[in-house]
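Trainee: I'd like to learn how to read burial, ring pairs and charge pairs off a model. Can you walk me through one?

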Amino acid sequence: MSDDVLRRNLRVVDAAMRPNPAFVDDLHARLATELGLGEPPTAVDRGPVRPQVRRRGRVGWLAVAALLLLGTVALLIAQQGRRPAEVLPLPSVSPSITPSAAPSAEPSQEPSPSPSTAPATPEPSPALDNLRSDGLVVYESDAMSGLPRLRVAQPDLSSVELLPDFTDVQYGAAWRPDGERLAFASYDPVEIRSQPLIWETDAEGTEPTLLSEGCDPATCLAEYEPAYSPDGTRLVFVRTRVAEGAEEESVIAIRDLETGAVTELEATSRPRRGAENLHPRWSPDGQTIAYGVTEYGEFGFPGTSTLHLVNVDGTNDRIIGTPDLHAGEPEWSPDSETILFASNPYRPVLRAVGSELDAPHGLGVMNAAGSNVRLFDIGGVAVGGTWTGSGEQILFTLMEGGGTGIQRPFNPRLFVMDPDGGNVLPLTRNPGDALYAAQQPSP
């Protein structure tokens, strides 16, 4: 075969495979009409078709392209023939900006199902008005750091220091029953050998006076955790003492505020390496003193806590409640019949923290015989419970966190609740820093 013949034959194949523009336009128009896509497009005059010079290498792919185009057209026609036009969905390439003329569907007469949820109950706003008595509220700030200071809550939920010029640590405040004076413990955090002693001031925070007169380091090492007798003439507290050649002991003691004479209740004496007396409180009827005892384990970590009663004359020291309560920090109700207590007592400033126990920090009540125990389920770590000035409510600190072991509580806020554990209301904002509050007794 000569070269001329071969070139002529290739031209014939190339012409047969080249798509005809008129044929393509006609095919588009027919498809649009059959599919309901509008009027067929008007033919466009393309002018004379210029002859194209093609290379021999393009013949193959032109043939393949033509075959693919014809196959696609045939497939569309076949699909059109098998399915009615009205159920053939065509995806839109771009969203339409023209409103649809088709009528919208009628709204359903039945409401769509939705989960039934009760409206959330708003949390009560913190306010001192949630108290039913008007006495000043004194509490410990910065107690979590181990350097507490006494502050007085203000009606606008701010606070001021009770003793701004008294630079030593201040904690464990207790009001005299007439509301005119309060006692607290203090020590110098800078001085390594400084030990807690008891001081007294008034509601205005005038210069404190030392009550722990005669607590000489030779025999008396510390006095703390004060509380007044019902008539305000005596003070009960915890004393750390040491005899010559003996070990330190923890003992409950009573001081006559007029004479300064101190009586140690020997039945309460315990070696301090194994146990410590804490938080003694005088019953309103003047007959009994309640206090807690925290025991220490082999390595000095706080262990279980038990609640004790002892007569004012030092006789009949006994345990009330059950060991599983880990009870401590007792507070008498105004009628002397009910004792508010802490389960697993928590006090950062003292060695007796109790946070190594598995028992959670909480509050509960029992009668003076140790029966009819009820623990409050407040939904958090509750510590530092006491009765308000009028005795109508319980004032306490609610904290976040686990509260046991290394899960230390944090963010202490003041709350009040009814004696049955209901009607829990906040007094201070979140975040807060308020522990061991005491309200001034009502006149």
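Mentor: Sure. Start with the word "buried": it means under 20% relative accessible area. Keep in mind that this is a predicted model. Arg281 comes out at 11% relative accessibility, so it counts as buried.

Trainee: Which residue forms a salt bridge with Arg281?

Mentor: General idea up front: side chains of opposite charge can pair when their charged atoms come close. Here the partner of Arg281 is Glu331, with the closest N and O atoms 3.2 Å apart. That pair links distant parts of the chain, since Arg281 sits in strand 12 (residues 275-282) and Glu331 in strand 16 (residues 327-332), 50 residues apart. Glu331 is buried too, because its relative accessible area is 11%.

Trainee: How many salt bridges does the structure hold?

Mentor: There are 17. Some share partners: Glu223, Arg239, Arg241, Glu249, Arg255, Glu264 and Glu266 are joined that way into one network. Arg176 is another one to look at: its side chain meets Asp178 in a salt bridge at 2.9 Å, N to O, and it also bridges to Glu180, where the closest N and O atoms are 3.7 Å apart.

Trainee: Is Glu180 buried or exposed?

Mentor: Exposed, with a relative accessible area of 51%. Asp178, at 39%, is partly exposed.

Trainee: Okay, now the rings. What describes a pair of aromatic rings?

Mentor: You look at the distance of the centres and the angle of the planes. The count here comes to 4 aromatic pairs. Take Phe166 and Phe184: the ring centres are 5.9 Å apart and the planes are at 90°, so the pair is edge-to-face. Phe166 lies in the loop between strand 3 (159-161) and strand 4 (169-175), while Phe184 is in strand 5 (residues 181-187), so the pair ties together parts 18 residues apart in sequence.

Trainee: Which residues form one aromatic cluster?

Mentor: Phe166, Phe184 and Trp199. As for burial, Phe184 has a relative accessible area of 0%, so it is buried, and Phe166 counts as buried at 13%.

Trainee: One last case: where is Ala222, and what does it touch?

Mentor: Ala222 is in strand 8 (residues 220-228), and at 3% relative accessibility it counts as buried. Leaving out residues up to four places away in sequence, Ala222 touches Gln195, Pro196, Cys215, Val238, Arg239 and Thr240. Compare sequence with space for Thr240: Ala222 and Thr240 are 18 residues apart along the chain, yet 5.1 Å apart from C-alpha to C-alpha.

Terms used:
Residues numbered from 1 in each chain as written. Predicted model: local features only at pLDDT ≥ 70, side-chain atom pairs only at ≥ 80, totals over all residues. Heavy atoms only, no water. Helix = DSSP H or I, 4+ residues; strand = E, 2+ residues; numbered from the N terminus. Buried < 20%, exposed > 50% of the residue type's maximum accessible area, 1.4 Å probe, protein only. Contact = heavy atoms within 4.5 Å. Phe/Tyr/Trp six-rings, centres within 6.5 Å; stacked < 30°, edge-to-face > 60°. Salt bridge = Lys/Arg side-chain N within 4 Å of Asp/Glu carboxyl O.
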